[in-house]
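Visitor: I should like to take a close look at one residue of this chain. Please describe its setting, and then place it within the chain as a whole.

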Amino acid sequence: KPPVHKTVQTCERVHHHQPIRFGFSLRYRINEQWSIESGLTYSRLTADITNTIDGQATTTEQKLNYIGIPLSASYLLWGNRYFNFYLSAGGLVEKMVKGSRMTQGVTNNVSIHPLQVSVNGAVGAEFKLTDGFSLYAEPTLNYSFDNGSSIPTLYQEKPMNFNITVGIRFNLK
């Protein structure tokens with residue numbers, strides 16, 4: 001009699017939530033229209049991962065926290081004493097600093113060692129509180145390069161994505 005082999009049916013579905021990103025930046029104005037800026041960003045990526053094995057489903061909540069250094073150039077479209085509207089393009093290098101997965105009340109740490117590199121373009125609005133200090137919001141289109149991580153992230157699974165970065169900006173010149 002031949003041996004009987006049972007096939008196990010498995011399925012994994014990942015639902016990524018909209019990333020949360022905020023930061024602070026330092027802007028150096030080259031002339032009236034052009035400026036360069038850098039700073040520090042914090043990004044939080046969350047996802048719900050559902051694994052189904054032979055009809056039994058378990059859900060895992062994944063939280064990944066990144067610190068990043070952006071570098072971009074901006075072109076002023078319009079500005080007055082209180083507001084600026086501008087276009088910006090550049091890149092971002094991020095390092096995951098803390099990651100976790102929680103399944104049925106049990107939390108495990110997750111780590112991703114390669115850096116995450118992305119390029120972006122944004123339309124920004126800035127409210128100037130003083131000449132040297134402002135609040136900004138930038139609806140941004142990002143493209144994230146694959147860093148080879150085996151951990152499912154929004155960056156790998158949907159490399160082209162949209163987010164809004166909000167933060168504080170210090171204007172040096």
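Guide: Asn120 belongs to strand S7, which covers residues 116-130. The model in which it is seen here is predicted. Asn120 has a relative accessibility of 18%, and because buried means under 20%, this residue counts as buried.

Beyond the residues up to four places away in sequence, Asn120 touches Ser88, Ala89, Gly90, Gly91 and Leu92, and also Thr140, Leu141 and Asn142. With Glu37, a residue 83 positions away along the chain, the separation between C-alpha atoms is 14 Å.

The strand that holds Asn120 is part of a chain with 9 strands and 1 helix. Read from the N terminus, the order of elements is β-β-β-β-β-β-β-β-α-β. The chain is more spread out than a compact globule, since its radius of gyration is 21 Å, whereas the globule rule gives 16 Å for 173 residues. The C-alpha trace spans about 85 × 30 × 25 Å along its principal axes.

As for contacts within the chain, among those with a separation of 6 or more, 64% are between residues 24 or more positions apart. Asn120 is one of the buried residues, and buried residues amount to 36% of the 173 in the chain.

Turning to the surface, the chain exposes about 10,400 Å², of which carbon and sulfur atoms supply 63%. Its side chains include 16 that are positive and 12 that are negative, and the centres of these two sets are 3 Å apart.

Terms used
Residues numbered from 1 in each chain as written. Predicted model: local features only at pLDDT ≥ 70, side-chain atom pairs only at ≥ 80, totals over all residues. Heavy atoms only, no water. Helix = DSSP H or I, 4+ residues; strand = E, 2+ residues; numbered from the N terminus. Rg over C-alpha atoms; globule rule 2.2 N^0.38 Å. Buried < 20%, exposed > 50% of the residue type's maximum accessible area, 1.4 Å probe, protein only. Contact = heavy atoms within 4.5 Å. Areas by Shrake-Rupley, 256 points an atom, 1.4 Å probe, with all protein chains shown as cover. Lys, Arg positive; Asp, Glu negative; His and termini not counted. Charge placed at Lys NZ, Arg CZ, Asp CG, Glu CD.
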